[in-house]
Amino acid sequence: MNIQWYPGHMTKAKRAMQEDIKLIDLIIELVDARAPLSSRNPDIDVLGKGKARMILLNKADLAAEGANAAWSNFFKEKGFQVMKIDARSKATLKQINTVIQEACKEKIERDRRRGILNRPVRAMVVGIPNVGKSTFINSFAGKAAAKTGNKPGVTKGNQWIRLNKQVELLDTPGILWPKFEDQEVGLKLAFLGSINEDILNKEELAGELVTFISNLHPGLLSEHYKIQEEGKKQYEVLEAIAESRACLTKGGGFDLARASKLLLDDFRSGKLGRITLEMPPVTVTGE
Ligand code: G4P
């Protein structure tokens with residue numbers, strides 16, 4: 001399956017972000033916990049040079065627990081402050097303030113040495129589409145958050161949301177473009193629903209997901225859909241799902257389009273269980 005996608009407006013988004021980054025102390029980067037490397041764009045490391053950094057493994061509720069822990073360690077070792085979150089849940093968001101302070105420790109200390117006390121940390125949320133940026137900003141900022149109004153230098157339309165005495169957040173997230181010269185990265189992002197579906201063949205995509213899940217968790221599809229997946233080709237598994245879930249065309253044939261959508265929706269919503277699509281690369285230490 002060949003996924004080609006590079007929207008022209010990303011160049012504009014990149015320029016806007018470069019401007020916004022000048023105004024902030026901290027980059028809060030959201031990635032999808034089910035595929036943390038595939039859902040991040042390392043260009044942000046260059047764009048955000050010199051800024052305090054934080055990585056939020058979002059949608060951690062949909063990813064495998066053990067994998068969440070492994071990814072947290074992976075990013076911590078790279079020097080990021082890390083937290084796994086469910087951006088829809090206010091409970092997990094409470095601890096974030098502490099992590100923000102930790103991430104900005106150096107800046108706060110620098111301010112203190114210069115006699116600047118209690119200047120709020122200015123932060124911005126970034127991430128590729130669909131990782132949960134808007135959900136996070138809404139939950140984190142809450143309805144009561146007061147917008148502090150446009151300030152000179154802020155990209156037109158952007159406002160600061162004062163979260164508390166210590167933190168101000170830019171109300172508009174920076175949109176990073178997915179990076180998928182690597183077809184497998186593109187495929188994973190498509191599984192997660194982060195790529196505009198109109199350009200994809202759903203049945204082909206669902207077929208690839210069958211292979212992916214069968215490799216990661218043999219027997220899971222059989223158990224969930226009460227089918228026999230072993231030894232079957234991708235489309236035969238989709239046919240079996242169609243049969244099991246009564247996805248039939250008017251003529252009585254298998255409705256593979258509906259079965260494909262069902263499988264993709266079940267995966268994305270977590271009905272198939274908490275599945276992480278990639279694990280951190282193994283690093284050899286001590287040499
Ligand atoms: P974006 O701004 O980065 O593009 O992402 P957005 O907040 O729009 O979130 C994309 C989808 O992911 C939304 O679902 C949102 O509810 C869901 N989501 C965000 N964070 C989490 C999380 O931590 N866990 C889970 N399980 N889902 C999360 P949607 O179906 O597109 O919209 P809706 O039906 O929720 O309105």
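These legends walk you through several close-up views of one predicted protein model.

Residues are numbered from 1 along each chain as its sequence is written. Because the model is predicted, local features need pLDDT of at least 70 and side-chain atom pairs count only at pLDDT 80 or more, while totals for chains, interfaces and linings use all residues, and side-chain values use heavy atoms, with hydrogens and water left out.

**View 1. The whole protein has 12 helices and 8 strands.** Helices (H or I, at least four residues) and strands (E, at least two) are DSSP runs, numbered from the N terminus. Of the 287 residues, 47% count as buried. Here, buried means under 20% relative accessible area, exposed means over 50%, and partly exposed lies in between, using a 1.4 Å probe and protein chains only. Next come the contacts, meaning heavy atoms within 4.5 Å. Among those with a separation of 6 or more, 69% are between residues 24 or more positions apart.

**View 2. Aromatic rings form a cluster that includes part of helix H3.** Rings of Phe, Tyr and Trp (its six-membered ring) pair if their centres lie within 6.5 Å; planes under 30 degrees apart count as stacked, over 60 as edge-to-face and the rest as tilted. The structure holds 6 aromatic pairs. In one of them, the ring centres of Trp-71 and Phe-75 are 5.8 Å apart and the planes meet at 25 degrees, so this pair is stacked. Both residues lie in helix H3 (residues 65-77), 4 residues apart, or about one turn of the helix. An α-helix has 3.6 residues a turn, so residues three or four places apart point the same way. Trp-71 and Phe-75 are both buried. Phe-75 also pairs with Phe-74, this time edge-to-face, at 5.1 Å centre to centre and 75 degrees between the planes. Phe-74 is buried too, like Phe-75. Ring pairs link Trp-71, Phe-74, Phe-75 and Phe-80 into a cluster.

**View 3. Helix H11 packs its buried residues against three other helices.** Look along residues 234-244 to find Val-237, Leu-238, Ala-240, Ile-241 and Ala-242, which are buried. The buried residues of H11 pack against helix H9 (202-216), helix H10 (220-225) and helix H12 (256-269). After H11 comes Ala-246, with a positive phi near 55 degrees.

**View 4. Leu-248 sits in the loop between H11 and H12.** At 40% relative accessibility, Leu-248 counts as partly exposed. Leaving aside neighbours within four places in sequence, Leu-248 is in contact with Gly-253, Phe-254, Asp-255 and Arg-258. Its C-alpha atom is 9.0 Å from that of Ala-259, a residue 11 places away along the chain.

**View 5. Ala-141 belongs to helix H7 (residues 133-141).** With a relative accessibility of 13%, Ala-141 counts as buried. Not counting residues up to four places away in sequence, Ala-141 touches Phe-136, Ile-161 and Leu-163. The C-alpha atoms of Ala-141 and Arg-162 are separated by 7.9 Å, although the two residues are 21 apart along the chain.

**View 6. The largest pocket has a volume of about 360 Å³.** Of its 17 lining residues, the closest to the centre are Lys-51, Ala-52, Arg-53, Ala-103 and Glu-106. Strand E2 (52-58), helix H5 (96-103) and helix H6 (105-113) each give two or more residues to the lining, and H6 has the largest share, 4 residues. The lining divides into 4 nonpolar, 3 polar and 10 charged residues. For this sorting, Ala, Val, Leu, Ile, Met, Phe, Trp, Tyr, Cys and Pro count as nonpolar, Asp, Glu, Lys and Arg as charged, and the others, Gly among them, as polar. On a 1 Å grid over the protein atoms alone, a pocket is an open set of points with protein on both sides within 12 Å along at least five of seven lines, whereas a cavity is a set where a 1.4 Å probe fits but cannot get out; lining residues have an atom within 4 Å of a point. Grid points are joined across faces, edges and corners, and a volume is the space filled by probe spheres set on the points.

**View 7. The largest cavity holds about 30 Å³ of space.** The count comes to 1 cavity of 30 Å³ or more. Lining the largest cavity are Arg-34, Leu-62, Phe-267, Gly-270, Gly-273 and Ile-275. These divide into 3 nonpolar, 2 polar and 1 charged.
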